[in-house]
Amino acid sequence: MCGIICYCGKKQAVPILINGLKRLEYRGYDSAGFSVVSEPGKSKSNKVRKNIIVKTKGRVFQLENKMEGIDIDATYGIAHTRWATHGKPSHINAHPQTDCSGKIGVVHNGIIENYKEIKEDLIRKGHVFKSETDTEVIAHLVEEFFTLCGGNLENAVLKTVQKLSGTFGIAVIHSDVDHKILIAKRGSPIIIGVGENECLAASDSNALAPYTNKMVYLSDDEIAVLTPNDYYIKNLSNETLDKKVEILESNDYKEDKRGFEHYMLKEIFEQPESLENAMRGRLIEGEGVSKLGGLEPVIDRIKNTKQLIIVSCGTSYYSGLLGRYIFEHLTELNIEVELASEFRYRRLKLNEEIAVLALSQSGETADTLAAIKEAKRKGALILGIVNAVGTSIAQITDAGVYNHAGPEIGVASTKIYTSQLVILTLMALLIGRYQGVSFIEGSEITDALLKLPGQVREILKEAPQIEKIALQYAKYKNFLYIGRLFNYPTALEGALKLKEISYVHAEGYAAGEMKHGPISLIDKNFPTVAIAPDDLTLDKMISNMQEIKARSGKILSITNPGVKKVIDISDDIITVPRTIPILQPVLNIIPLQLFAYYIAREKGRDIDKPRNLAKSVTVE
Ligand code: M6R
């Protein structure tokens, strides 16, 4: 939530900041702005540096339009794209926020929990506030401490950060301080990009990738000072820290939509490769087992684990739900799956014999982060499956596995869902082979995994046919998605895809639950999407589908080729290739992603940036 980009160097800052904002817009898109310090001009009237803030309600292109015909000579500055938390989207609430003097610019990602107390105190001291944001207190606090610290911005920011509670990634500039940007982190990401005669910082490495591949990841309660030629990092006790420079792999950065109309469609079509990347070097075919280097340091602890608790949110939660079935099928572990936002409030008896596994595309989801911090405090082994390298969740885990799926820009998660399912299977296979899973069973799984990318390609070839079906269903206002066992999570995820990008009401249900309530919704205007592969639950699924037909409900089924029982009872059919039951959901979700996409496109929705949402949810 919210994207930050900073530049300090010798080049013109504004185009770099705007370009960075475009790459970060997926994180929040209700307003955008920047603060740069202009170079002193030659004329007498313009001998001093000025903090120039330009911002707008709306998208980055609106900010860009605002800049037409305006030339600002500035070589350092900070910028922000917002997902509103405190105060509605408006010009005044847009970041950067400033202080009474107007010399300070502050951008912030996160929530300052004690902002009310700080604000009241600062108002008593004479500060005048203009916005409804929590962020504005940071600007006024820096102003206050800047004076007390004799004009030392670094000390002023350090003292400010010490006063704040909550979460933040922040960047601060002051027009009296030449070519210095202060950044700080607690709970929300901020990464330094080290360039040639320039330093940058951003909420994610993708925004820095066009300028440098040298990244330094700040940890919580660290602040950094950026200048054109250097940077240094300190902790809150004012001690200088030596942090590793990490090199961003070139395939971690992808620039454009590669000819697709939307990132979401591109990412759906990237799934054959993202699945290959999830498995690359991780299967030992001749032994029917997987190899996950990231888990090796803790493999003995994993072998002794009695219980695995999966924590995650949204789509990652649904892949966790399927993970439960996969682990139950292949291992002896007791498995629980918990919404991360609930987990941290439960009175769980955690200890070192329990492992907690966080699933997260962004690696920054605040609820998931809070859940694993809680579990760590209680001694559990913390594992992760994370896509974004070096992020907060990845840093906190004891061990983990990266998806290597490349950036997912569309707000609706697609390629990460299927990649998570494959990695969960690899993990379960690894553990299961130390337990009851035989070589033969293991080999069946590795064979099936290796066939998946090709099978996904076959489904994607059917996209035009899926589009035709989707357009027939685009007129309906409500949908029920049903599935059983491995495909119950598929029903939940299919419904989430439709609702989040098309704004059409859709409910996912375990098919057996339908008769306990939701069936009362069914009539000829309330279609059902039935995920009905040819597995051992098929007969029960058919019974549920008959119950729907008896109430004049229309049925679109996802099934395997030639399943006559399903063909006979359905109004429309999409077929997907057969695989082993635990992996069938990887294939079943692909047509449902496309189905949601085509309905949303027909409705003219903003598919990559659906209303009210953001890609990286860094508030609890
Ligand atoms: O980055 P994470 O995987 O932790 O994100 C979790 C959810 O916010 C995310 O999956 C969300 O539900 C997606 N918009 C769903 O498409």
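## A covered helix

α12 is mostly covered: nine of its twelve residues are buried. This comes from a predicted model. The buried residues of α12 are A366, D367, T368, L369, A370, A371, I372, E374 and A375. Charged residues appear in that list too, including D367 and E374.

How far does α12 reach from its first C-alpha to its last? The span is 16 Å, close to the 16 Å expected at 1.5 Å a residue. An α-helix has 3.6 residues a turn, so residues three or four places apart point the same way.

## The largest pocket

α12 (366-377) also helps to line the largest pocket. It shares this role with α10 (314-330), β19 (354-360) and α17 (488-502). Each of these four elements supplies at least two residues of the lining. Which element gives the largest share? That is α10, with five residues.

The volume of the largest pocket is about 530 Å³. Its lining has 25 residues. Nearest the centre of the pocket lie C313, G314, T315, K615 and V617. By type, the lining holds twelve nonpolar, ten polar and three charged residues.

## Three domains

The domain assignment splits the protein into three parts. Domain 1 covers 3-247, domain 2 covers 264-457, and domain 3 covers 462-605. The centres of domain 1 and domain 3, taken over C-alpha atoms, are 46 Å apart.

Another distance links two single residues. D73 and V437 are 364 residues apart in sequence. In space, 66 Å separate them, C-alpha to C-alpha. D73 sits in the loop between α2 (60-66) and β4. Is D73 buried, partly exposed or exposed? D73 has a relative accessible area of 42%. Buried means under 20% and exposed means over 50%, so D73 counts as partly exposed.

## An open sheet

Eight strands build an open sheet. Their order is β3-β2-β4-β1-β9-β8-β10-β14, and the pairing is antiparallel. Which strands stand at the edges? They are β3 (50-57) and β14 (246-247). Each has a single partner strand, so one side of each is left without a neighbour in the sheet.

At the β14 edge, the partner is β10 (residues 214-217). Two bridges join β10 to β14, and the two strands run antiparallel. In one of these pairings, K214 has I247 of β14 as its bridge partner.

## Strand β1 and its neighbours

β1 (residues 3-8) lies between β4 and β9 in the strand order. Six bridges join β1 to β4 (residues 74-82), antiparallel. Within this pairing, C6 has I78 of β4 as its bridge partner. On the other side, β1 pairs with β9 (residues 198-202) over four bridges, again in the antiparallel sense. There, I5 stands opposite A202.

How many of the six residues of β1 are buried? The count is six. In a regular strand the side chains alternate between the two faces of the sheet. In β1, both faces are covered. G3, I5 and Y7 are buried on one side, and I4, C6 and C8 are buried on the other.

## Closed spaces inside

A search of the whole structure finds three cavities of 30 Å³ or more. The largest has a volume of about 360 Å³. Its lining counts 26 residues, and D204, S205, A388, V389 and P407 are the closest to its centre. The lining divides into ten nonpolar, ten polar and six charged residues.

Where does the largest cavity lie? Domain 1 (3-247) and domain 2 (264-457) both give residues to its lining, so the cavity lies between them.

The second largest cavity holds about 80 Å³ of space. It is lined by 15 residues. C2, W83, T85, H95 and G110 lie nearest its centre. Strand β5 (residues 104-112) gives the largest share of this lining, three residues. Here the lining has four nonpolar, nine polar and two charged residues.

How values were computed. Residues numbered from 1 in each chain as written. Predicted model: local features only at pLDDT ≥ 70, side-chain atom pairs only at ≥ 80, totals over all residues. Heavy atoms only, no water. Domains from an automatic or database assignment. Pairing = 2+ DSSP bridges. 1 Å grid on protein atoms, 1.4 Å probe; cavity = no way out; pocket = protein on both sides within 12 Å on 5 of 7 lines; lining within 4 Å. Points joined across faces, edges and corners; volume = space filled by probe spheres on them. Expected span 1.5 Å × (residues − 1). Buried < 20%, exposed > 50% of the residue type's maximum accessible area, 1.4 Å probe, protein only.
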